[in-house]
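Me: Could you give me a close look at the largest pocket of this model? Once that is clear, please set it against the rest of the fold, with the details a computational chemist would want to check.

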Amino acid sequence: VVPLAPPDVLHAELPENPLCLITDDGSSLAPVLAKALSEQGWSPVILRFSGISELVKKKRKPFAKEIPLIELSSSAESELETSLKSLTEKHGNIGGFIHLHPASSAPAESKLEDGANAFLKQAFLTAKNVCTFLNEAGKSDSSRSHFVTVTRLDGELGMGSGQFGAVGSGLSGLIKTAGVEWPDVFCRFVDLQPELTADTAASCILQELLDPDLRIKEVGYSGSGKSGTRRMTVQPKIIRDLTTKISSKSLTKKSVFLVSGGARGVTAECVVKLAQTQPCSFILLGRSTIEDEPEWAKGVGEDKTKLKQAAMKSLVDSGEKPTPAKVNQLVGKVEAGRDIRKNLERIRNAGGKAEYVSADVTDAKKLKSAIAPVVKKIGPVTGIIHGAGVLADKLI
Ligand SMILES: NC(=O)c1ccc[n+]([C@@H]2O[C@H](COP(=O)([O-])OP(=O)(O)OC[C@H]3O[C@@H](n4cnc5c(N)ncnc54)[C@H](OP(=O)(O)O)[C@@H]3O)[C@@H](O)[C@H]2O)c1
């Protein structure tokens, strides 16, 4: 965490239609921020996600009567879409979206339909549904549209008191992604210490909206009282360089890493690199099973078309109809087996020990019993590298 000076003030006009959507987090911040934005010329609209009403603090200040309130009864995207459509038909384009994320201690969060991810999911869906408006409003040179998410971790982006909330912190990823996809929209992740008063919290948010420095993506605010608030951001720092040979108490030849997704793709590349400098053991996990190469694939190189032709021929020879799905499945199995065998060899050649275990990381019980024999053979797991994932990239 590095300290930041208070931001400069960008002299920007409000968007042509200064409608600003604010999600209600149930705390006093929402009405106080709405009032402060109104005073600056914005037209705030409150969006209350389903599940929030249970969190609304009894003693908080009410919203001004003229501020429209959209109350959602479910987390269905269709309801959100319809509500935003009627809002914009009545009030015009949306120029700003501020998502106030409920404090991580919010008790009702886990009771929601989508569990702890519920508000994160709804924030994502809202961002997706206002994206066209924000981009349209952001095109002007003289004004700025914005997408800001506000969490109440510890005011130091989860790196101070240790009040780290994995779910709320996901909003930081959403902001960074939006910032790349929507270059005309000002995107910022703000983390406010939960103890900050609603007035202080609102003024921190307001000053972020006008920060001219676009290099910063995440800002934290903590402390108050006489010394005022401290503003900070995070900068990556190398704690330990694993690309140079080192031995320490926590990393020795006896270390055993459990690496999900480690037998293929980008994670396998990382393990090979790590094995070059840290000759420890790696248990690689993937759902694929390693089977001996089938006869039809033997001698066929890596060319996908040739593999598909060979798979098709083998299906025809065995009297089966060679549908694209069947062919892809056969080829996929062969490619997975080849990748796994090749990467095990690369890790061993680099100086590490490697074992492959076929297990699905989403099934803890089966995973535990699947790795048990290997753990018995090479020793207990001392570290975990989680790399299993399914590539399904899409724009917001
Ligand atoms: N490629 C990149 O440059 C890059 C960069 C940054 C981040 N990422 C992220 O890293 C992750 C992996 O990407 P990749 O390109 O390496 O993909 P990949 O080549 O498809 O490798 C994914 C690996 O994860 C395993 N896996 C998937 N689901 C699993 C499950 N439920 N249980 C156990 N193992 C599972 C796969 O094995 P099985 O199919 O055998 O299960 C495979 O070994 C993705 O989430 C991706 O978004 C990728």
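Reply: Happy to. A term to settle before we start is "domain": the bounds used here come from an automatic or database domain assignment. Please also keep in mind that this is a predicted model.

With that said, the assignment splits the protein into domain 1, residues 2-233, and domain 2, residues 256-386. Their C-alpha centres are separated by 43 Å. For overall scale, the C-alpha trace extends over about 75 × 55 × 40 Å along its principal axes. The secondary structure comes to 9 helices and 13 strands, and of the 396 residues in the protein, 44% are buried.

Now to the pocket itself. The largest pocket holds about 580 Å³ of space, and its lining is made up of 22 residues. Which of them lie nearest the centre of the largest pocket? They are Gly 261, Arg 287, Ala 388, Gly 389 and Val 390. Two elements give two or more residues to the lining, namely helix H6 (265-277) and strand E11 (281-286). Helix H6 gives the most, with 3 residues. In chemical character, the lining divides into 10 nonpolar, 9 polar and 3 charged residues. If you are setting up a view, the five central residues, with Arg 287 and Val 390 among them, are a handy place to centre it.

From the pocket, let's move along the chain to helix H7, residues 304-317. Its 14 residues should span 20 Å at 1.5 Å a residue, and the end C-alpha atoms are indeed 20 Å apart, so the helix agrees with the expected span. Which residues of H7 are buried? Leu 307, Ala 310, Ala 311, Ser 314 and Leu 315 are. Viewed down the axis of H7, these buried residues keep within an arc of 140°, so they line one face of the helix. On the other side of H7 sit the exposed residues Thr 305, Lys 306, Lys 313 and Asp 317. Met 312 also belongs to H7; because its relative accessibility is 36%, Met 312 counts as partly exposed. In sequence, Met 312 is 15 residues away from Val 327, and their C-alpha atoms are 6.1 Å apart in space.

Helix H2, residues 77-91, makes a good companion example. H2 has 15 residues and reaches 21 Å from its first C-alpha to its last, close to the 21 Å expected at 1.5 Å a residue. Its buried residues are Leu 80, Ser 83, Leu 84, Leu 87 and Thr 88. Seen down the axis of H2, they stay within an arc of 125°, which means that they line one face of the helix. The face turned away from that buried side carries Thr 82, Lys 85, Glu 89 and Lys 90, which are exposed.

A few single residues round out the picture. Leu 37 lies in helix H1, residues 29-39. Its relative accessible area is 0%, so Leu 37 is buried. Although Leu 37 and Ser 203 are 166 residues apart in sequence, their C-alpha atoms are 9.8 Å apart in space.

Leu 157 deserves a glance for its backbone. It is found in the loop between strand E6 (145-151) and helix H4 (166-181), and its phi is near 55°, a positive value in a residue other than glycine. Is Leu 157 buried or exposed? With a relative accessible area of 7%, Leu 157 is buried.

Finally, Pro 236 is in the loop between strand E9 (230-233) and strand E10 (256-260). Pro 236 counts as exposed because its relative accessibility is 84%. Met 159 is 77 residues from Pro 236 in sequence, and the C-alpha atoms of the two are 12 Å apart.

To come back to your request, the place to look is the largest pocket, with Gly 261, Arg 287, Ala 388, Gly 389 and Val 390 nearest its centre and helix H6 giving the most to its lining.

Definitions and conventions. Residues are numbered from 1 along each chain as its sequence is written. This is a predicted model: local features need pLDDT of at least 70, side-chain atom pairs count only at pLDDT 80 or more; totals for chains, interfaces and linings use all residues. Side-chain values use heavy atoms; hydrogens and water are left out. On a 1 Å grid over the protein atoms alone, a cavity is a set of points where a 1.4 Å probe fits but cannot get out, and a pocket is an open set with protein on both sides within 12 Å along at least five of seven lines; lining residues have an atom within 4 Å of a point. Grid points are joined across faces, edges and corners, and a volume is the space filled by probe spheres set on the points. Helices (H or I, at least four residues) and strands (E, at least two) are DSSP runs, numbered from the N terminus. Ala, Val, Leu, Ile, Met, Phe, Trp, Tyr, Cys and Pro count as nonpolar, Asp, Glu, Lys and Arg as charged, and the others, Gly among them, as polar. The expected span of a helix is 1.5 Å times one less than its number of residues. Buried means under 20% relative accessible area, exposed over 50%, partly exposed in between (1.4 Å probe, protein chains only). The arc is that of the directions from the helix axis to the C-beta atoms.
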